Each structure stands twice: as C-alpha cells, then as structure tokens.
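Colleague: Could you take a close look at one part of this model for me? I'd like the helix pair first, and then whatever is odd in the loops.

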Amino acid sequence: NDSRVKFVIMGDLGERTHSYETVAYLDAHREGINAILLVGDIAYTQNDHDIWDKWFDMLDATSFASEIPLQIATGNHDIEQDVETLDIFVAFENRFLMPQVQPAIIETMKGPIDKSLVDYPLPYDFGNAYYAFTYGPARHIVLSSYSNMDPGSKQYTWLVDQLNEVDRSVTPWLFVSLHCPIYNSFRLHRREPQLLHAKRFLEPLFVSHHVNMVFAGHVHAYMRTKPVIYDEVNDAGPIYVIVGNGGRQANAPYHRDEAEEWVLLRDHAEFGYGVLDIINSTHAFWEWEQTGFNAPEEAGKLGRYEPIEGQSDRGYVQNQFFLKK
C-alpha cells in the first residue's frame, strides 16, 4: 500500500499560552495533514470542566478541528479522579470516543491518586484506554501506560493479538503511541513503574514485531532516538520519540550533560510537534516543527530558554521491517 499520508504527533498540549501558539501554528500549516495523534496529558483541567470547555474552544477556533481526525492516548493528567466518587477517567471516557475494542472496564478506586506518582496498574481496561486503527499504509496501536501491561493482563494479551494480526503487505508501517516513554534522556520520570514495566514487557514485543516508531509524551521536552534495541543502536530497531513539548511546558532537565549514544536529538527549550510523512512502503520523512520557545522565567532551574539557532530535526526514516536482522 503506497498511499501517501501525513500524521501530526503531539503531546502534553494543555490550554496555556504556548498551547495556543502550537495550535495556531498547526492551523497555519494544516495542508496535507491526514490525522493528529495526541499522546496524553490533553488539557490539564484538574477536574475543572470549564477548562475542558476552553480546551475544546481552542480547537474549535481552528479550521482543522472539524476536518482532521484526532486520536488520543491517556496520560496521568487525564486520570482526573472524581473527588466524591473516586471514579477515574470520567471526562476522558465521556468527552472522547475512540475506536473501542469494547466498553471501558473501570473499577472504583478505594482512595485518592497522586498524579505525580501514579500507582501501577490502575483498574482501567478497554474503552479509550487502548485501541488500534488503520490509516492508509499505517497500522497504529494506542496503548495505556496506566493500565496493566504485564503478561497475562487484558492489555498485554490484546496487544499480542494485534501485533500478530498485522499484515505488513497491507500496512507496511507499524506505529505505537503511549504516554510514558520507554527511552528517556531527561532527569524526570525515569523510575516510574509505568516506564519500567513498558521497558521490560513491551520493548521485546516492539523489537520482535519490527515496530517502526514509538511515540510518547509525559516528559516536557523533545527527543528522537536512533533505531535502538535494548539500549544499543541497531538499524533494525524501533525509533522512540518524545513529544511532550506541545504547550504545557518544555523545560525538563537533561539526565546527563552528554546525551546517550542512542539519542539522535534532544531539546528542552522549544515547543512543537512532529510530522510524519509516509511516502511509500519503505520510506517516510520525519520533521520536528518548532512552534515557540521558553521565556526566561519558564526555563526552570536547569532548563534552557535560548533557542539554538538553526536547530532542526528532519530526515528520512527507512522502514525497519525491510531491514530486519
């Protein structure tokens, strides 16, 4: 299937000044975009439905919102536990309708959730939590970092079935989206159980099934890896992208001054999103669109606010399925 399609991938958008910048930039550069993937932490509403309404108003003011499909993944700020009933993901399930496997299964929590360090796993399956869809030559699998992803769980079993059913002669490109990144060159969110379980249980599946790219947010920064397998650069491995710089913040400090060998580019000062242009079954083109940058007071203690002149991340991606070793 050599149909040419173009996807926008963004994360951690929110409803702030830089959020509006990102949305306005996307609106001005919407031509040719077929679908948008938002990989969690959608609106940061803190259970305030007025903010949810403002977030949708922000999108409604654009020309693309009514014409380009928006697919979402769940983030920690989308859990939004009801203060009275302790129910979780209420707005996430009621304000969006993704291509569901079956209706959501959500158990009532017994106590409050700390969104800064969320327990693993949460009792949330199906519904908008995880699902898959096909667009042109691409199969997209959207996962929930906050549902159980261990072997034997509903999500893991469903994922294995999905991966086994992919026909690369029909959809030669295979992408995964989830909120928490498996590869992370930044200081924040390194030891959370969601990341550790994904690294342990999901990465082997991504490698064995030759997933092309894995998109994540959560960390308020941008990063793209080289193709990597188990922390070693390998041309046949997936490429991991963090696009947590959609609008909320872009100031996560680096883990080390020198980036890991598997990092192609990382940045913690500029806002933006990624564009993936699938050209044919073997080649795509990736470009990081920069939409704004930190003011000095937004950089944080170890962030950066001066944009690097001429910095960009754009280039061809070769389909690793045809490079498998």
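Modeller: Here is the helix pair, followed by the loops. A quick word on the basis: this is a predicted model, so local features need pLDDT of at least 70 and side-chain atom pairs count only at pLDDT 80 or more, while totals for chains, interfaces and linings use all residues. Residues are numbered from 1 along each chain as its sequence is written, and side-chain values use heavy atoms, with hydrogens and water left out.

Start with H1 (residues 17–28) and H2 (residues 49–60), whose axes come within 10 Å and cross at roughly 30°. Helices here (H or I, at least four residues) and strands (E, at least two) are DSSP runs, numbered from the N terminus. Axes are lines fitted to C-alpha atoms, for helices over the stretch in contact, with angles from 0 to 180 degrees between N-to-C directions. That crossing makes H1 roughly parallel to H2; the label goes to angles under 35 degrees, with over 145 roughly antiparallel, 65 to 115 roughly perpendicular and the rest oblique. On the H1 side, the contact (heavy atoms within 4.5 Å) is made by Ser-19, Tyr-20 and Val-23, and H2 brings Lys-54, Met-58 and Leu-59. By type, the contact residues of H1 and H2 come out as 4 nonpolar, 1 polar and 1 charged. For that split, Ala, Val, Leu, Ile, Met, Phe, Trp, Tyr, Cys and Pro are nonpolar, Asp, Glu, Lys and Arg are charged, and the others, Gly among them, are polar.

Now the loops. Most residues other than glycine have a negative phi, and most peptide bonds are trans. Tyr-44, in the loop between strand E2 (35–38) and H2, has a positive phi of about 55° without being a glycine. Tyr-44 is buried, at 10% relative accessible area; buried means under 20%, exposed over 50%, and partly exposed in between (1.4 Å probe, protein chains only). Asp-231 also has a positive phi, near 75°, and sits in the loop between strand E11 (228–229) and strand E12 (232–233). With a relative accessible area of 39%, Asp-231 is partly exposed.

As for peptide bonds, the one from Tyr-120 to Pro-121 is cis, with omega near -10°. Pro-121 falls in the loop between strand E4 (105–106) and strand E5 (124–125).

Last stop: Asn-251, in the loop between strand E13 (239–243) and strand E14 (263–267). At 15% relative accessibility, Asn-251 counts as buried.
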